[in-house]
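Open the structure in your viewer and keep the selection panel handy. We will go stop by stop, selecting one piece at a time.

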Amino acid sequence: MSFFRRRIIFYLITAWAAVTINFLIPRLMPGDPVTALIARNQGRIDSDAEQSLRVLFGLDSNQSFLEQYIDYWGLLFRGDLGLSFTFFPTPVSDIVWQSLPWTVGLVGIATVIAFVLGTLVGTAIGWRRGTWADGLLPISTFFSAVPYFWLGLIAITVFAVQLGWFPSNGSYDRSLLPSFDLEFLGSVLYYGFLPALTVVLASIAGWILGMRNMMVTVSSEDYVTVAQAKGLPERKVMFGYAARNAILPQISSFALSLGFIVGGTLIMEMVFSYQGIGYVLYQAVNTHDYPLMQGVFLVITLSVLVANILADFVYAALDPRTRQEG
Amino acid sequence: MSASTTSGTGRHADAAVREPVLEIKNLSVDYGFGQDPTHVLRQVSLTLNRGEVLGLAGESGCGKSTLAYAATRLLPPPGLITGGEVVLTDRSGERRDILTMSDAQLRASRWQDVAIVFQGAMNSLNPVFRIGRQIADAIAAHTPGIRKKQALDRAAELLDMVGISPDRLSAFPHQLSGGMRQRVMIAMALALEPQVLIMDEPTTALDVVMQRQIVEQIAELRERLGFSVVFITHDVSLLIEIADRIAIMYAGEIVEDAAAQDVYRRPRHPYSRGLLRSFPPLRGPRRELTGIAGSPPDLRLLPTGCTFTPRCGFSTPECSRIHPELGPTAFAGAEPDRRVACILHGDVGTLPPELAER
Amino acid sequence: MTADVTVLQDDPDDAPDESVDETAATKAGHRFLFLRNTKAMIGFGILVFFGILAVIGPFIAPYDPSAVSRDILQPPSAAHWLGTTHTGQDVLSQIIIGTRGVLVVGLIAGLGATVVGVLVGVTAGYLGGVGDEVLSGLSNIFLVIPQLPLIIIIAGQVPSAGGVTVALVIAATGWAWGARVLRAQTLSLRRRDFVEAARASGESTPRIIVAEILPNLTAIIAAGFVGTVIFAVLSQVTLAFIGVTPVSDWNWGTVLFWAQNQLALQRGAWWWFVPAGLCIALLGMGLTLINFGIDEFINPRLRSTGLHARSLRKRRIRPRIGFTPVVRTAETTPVHRPPAEEQPAEPRPAEQNAIEEIRR
């Protein structure tokens, strides 16, 4: 189980690094904006909450660095991320927990769809080199050079403003009460369609190019030729032998680029005013809500880590060599 | 020890029942799709008879593997077959040209008629499937309606046949040693009892002991199942042990084609002679290893006339003018089954005594 | 670790080959070489165009980008080629002036990230052992942590996040990918003969790295640099778009920020946000094309195959694994008669020889 042990150690270190970066950033910044904010809200913050903020942003100059660090971890383990200034006096953790499911739903599902579709298209293009399918490559190259959010703007202009097929912002019809009935779910799907489509369009190109290159590489492996020599049906050779092996590095790079993709797709939430964690980050940045910014970053990083771990499980399930003992 | 004991591997393909199973005629292959491809095979003709072990030998880069892959249409891009025929005679006596088959026909014929054991057993097996599944899917592809269980049972039998315990069916390739993987490949190749088994340097990556075991196993299985073998190797001394007939290739052409013992004792082509002298004989008296001067030619810049001229110790001025054809030896009457591509065996010059041993 | 795929062996991409060959298919001879250059040349052309714009922008911009006028929200016209904003500012001038900001930040960030990437990657690859574990672990951590949110929160907390600050923040977080690629390549270089020889002859480690290893990494470093510039341009534009950086510094992202904030989309003012996005995409494409050129330089396999979809199709060759194409041409029909017993001595009719036997 050496594979898993190595991965677990890596994720623990990465989680530690993310928390530490989060701890260090406000302490390394010149000036301290939070003191001013606390002062402005004097009397509206209870002393416990003020203490959390002091620990989070290192305002207690009489404490040593190490003491601050230990206190910081203590707060995190209690799930205390301080108070949001924008949504005063709501705790940051509450806001994050409310918005996270929306992001996981939108960005998560759209990213998985883009990965699956892109991988399938890349498989086909990589397998049939030198046919019309290669014509898709320049288009993919163009799409990979376009910023995500601009594609969102274009999508809104065309489908929401000009054609009026979809709403241009929001995540469900505000006249409905959130519940698990069909009407509400339908509304969520309707509102989520355009942002999801844009995320898929923006990120699919990378998967197509990556999988196509891996298919080209794997196709020259001996076992693919052996499969052809055995007279297996074309589909079996293409999926069972070539794609089945080409997808392994594709999953590794999925795990590696998750951070990059999630960053890009969060911007999409800002464009569509979709109530996920990316939109919360947008609001936090625009209103200089530092506790909220910090909390959102931490949660995003930890979510990406969890997604990475899932990708690792999938990888291990697909590659018997990782399950090797020793 | 005399050389006659080496024929113990079952040479029953005597001249009387010579019946071709695979005939390669004037096969030409280019490498490169561009304007200026390399002609890696030029008009190669070769016949494999039923039940025969045909050895294909030559230095690396001479085109021996290319010949095997082109004949089965497995040559990867940018290989391109530019002419010739590969006629396969199946058990019912029907003759078909592999090069004109449709994809579907070719797929149906593959592994049933011709199976291949590749050079690197390391990379021949799909690393993510269990070996049982890999053997079974070959069986299933050619046996409509077979159940998974039956195919796996057959796979177990096959593993047993090559001396691997059937419980290894559920092993992944990385859990097997190199020799075991090569045996698995052999078992897989015999799954449909093909008429022709092509083996491309099947033992090169293995140690000497393993090499010997595998070679003996192939000989024994052939005895039992009666398939024909094309055995490709650069190791001529190994070929002399197991082959009935040997074809020597040089720079994309066959230069000599004769019974194994004849090639061994009385090489007729200067290159064959040189090649034999590059390896220590496995049996028989020791002799000096001389090798061949120079190195294989660049196929893009072949000399005119005989391509071996620059390295040949017997060359005459005519050799660099006239391109020799594969034809009868100088002793055509006494050696009807030998062919050699050297003008010294024709009307030009005199045949040096080294190439005229009787 | 799963993630350790050798990046360079991945057959980067020969797509442009197959797409750009429309003009080249008609030309004979050295078109391969010519094509390579075309691709990189187009990329360079785009880059030079924006470079010139960045330098002379302030002199050729028709208006002051911040100057308001009475032409409010006008579509493109002779006076305002790309129309005007909600306060009557000239969009074309904003884009021209904004080019400099985009390029400067992109180049500074690219340079910074490349320096860090080379230091970390080459050191890790050369040292091996614990040093390698630590350094490549570090770059993996930076790869996994989402960079854009990190950049956003850092830039959001710096009191005045001007161009250079943003560039440095991007450089500080965006070096990991380059480091990873360089480490893999250094690792393989380290075992090559010439490096072993230098080590055996007692050269000092810094000297070996500078004189033997770095020259062999030039192309990869260049590719990494171009890649980081693309990332930096996108990040910076994104930061400006969400309003993290001062909205009065003109760059393409700022244009989009105002367009989004002043409901350009709802008002149908496409001229306000389409050109800026196209400029980003064009610059990105140009840089990507340069990288394709470098890829082909690094990976000889991309050069030698000569797979040109169109010319192959014309000759009915379909290159694929497991089914070697058979194309009989007139030249390859037998020129001399083979031995009688081998050949059913009837030569094939000429037209039959010409039939190309490719099955679909």
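How many of the residues of H5(C) are buried? Select the helix and look: eleven of its eleven residues are buried, so to speak a mostly covered helix. The stretch starts with C:Gln147, C:Leu148, C:Pro149 and C:Leu150, and the buried residues also include the isoleucines C:Ile151, C:Ile152, C:Ile153 and C:Ile154. Color C:Ala155, C:Gly156 and C:Gln157 too, as they are also on the buried list. Please keep in mind throughout that this is a predicted model.

**Stop two: the annotated spans of chain C**

Next, select residues 40-61, 102-127, 134-155, 161-182, 217-242 and 270-294 of chain C. An unreviewed UniProt entry places the feature "transmembrane region" at these positions. Start with residues 40-61 of chain C: the span is 95% helix and 0% strand, and a distance drawn between its end C-alpha atoms reads 29 Å. Then move to residues 102-127 of chain C, where the chain is 100% helix with 0% strand and the end C-alpha atoms lie 37 Å apart.

**Stop three: the annotated spans of chain A**

Now switch to chain A. Its "transmembrane region" features, again from an unreviewed UniProt entry, cover residues 7-25, 102-127, 148-168, 188-209, 254-275 and 295-318. Pick residues 102-127 of chain A and you will find 100% helix and 0% strand, with 37 Å between the end C-alpha atoms. Residues 188-209 of chain A are also worth a click: this span is 100% helix and 0% strand, and its end C-alpha atoms are 32 Å apart.

**Stop four: where chain C meets chain A**

Show both chains and highlight their contact. Here 67 residues of chain C touch 74 residues of chain A. Together the two chains bury about 6000 Å², and carbon and sulfur atoms account for 71% of that area. How many salt bridges are there between chain C and chain A? The count is zero. As for polar contacts, one residue pair is found between chain C and chain A, with both residues at pLDDT 80 or more.

To see what builds the chain C side, select the helices that give two or more residues to it, among them H1 (15-24), H4 (129-144), H5 (147-157) and H9 (205-241) of chain C. H5(C), our opening stop, is thus one of the contributors. Then pick H11(C), which gives the most, with ten residues. Coloring this side of chain C by residue class shows 39 nonpolar, 18 polar and ten charged residues.

**Stop five: where chain B meets chain A**

Finally, bring in chain B. The contact takes 22 residues from chain B and 24 residues from chain A, and the buried area is about 2100 Å², with 61% from carbon and sulfur atoms. Which three residues should you label on chain B? Choose B:Arg107, B:Val128 and B:His174, which supply 28% of the area that chain B buries against chain A, more than any other three residues.

Two salt bridges are counted between chain B and chain A. Zoom in on one of them, where the side chains of A:Lys230 and B:Asp137 meet at 3.0 Å, N to O. Eleven residue pairs across this interface are in polar contact, both residues at pLDDT 80 or more. On chain B, helices H3 (121-124), H4 (131-142) and H6 (178-189) each supply at least two residues of the side that touches chain A. H4(B) has the largest share, with five residues. Color this side of chain B by class to finish: twelve nonpolar, seven polar and three charged residues.

Note on methods
Residues numbered from 1 in each chain as written. Chains lettered and ligands numbered in written order. Predicted model: local features only at pLDDT ≥ 70, side-chain atom pairs only at ≥ 80, totals over all residues. Heavy atoms only, no water. UniProt positions renumbered as here; feature names shortened; annotations may be inferred. Helix = DSSP H or I, 4+ residues; strand = E, 2+ residues; numbered from the N terminus. Contact = heavy atoms within 4.5 Å. Buried area = accessible area lost by both parts, 1.4 Å probe. Salt bridge = Lys/Arg side-chain N within 4 Å of Asp/Glu carboxyl O. Polar contact = N/O pair within 3.5 Å; in protein donor to acceptor, adjacent residues only side chain to side chain. Nonpolar A, V, L, I, M, F, W, Y, C, P; charged D, E, K, R; others polar. Buried < 20%, exposed > 50% of the residue type's maximum accessible area, 1.4 Å probe, protein only.
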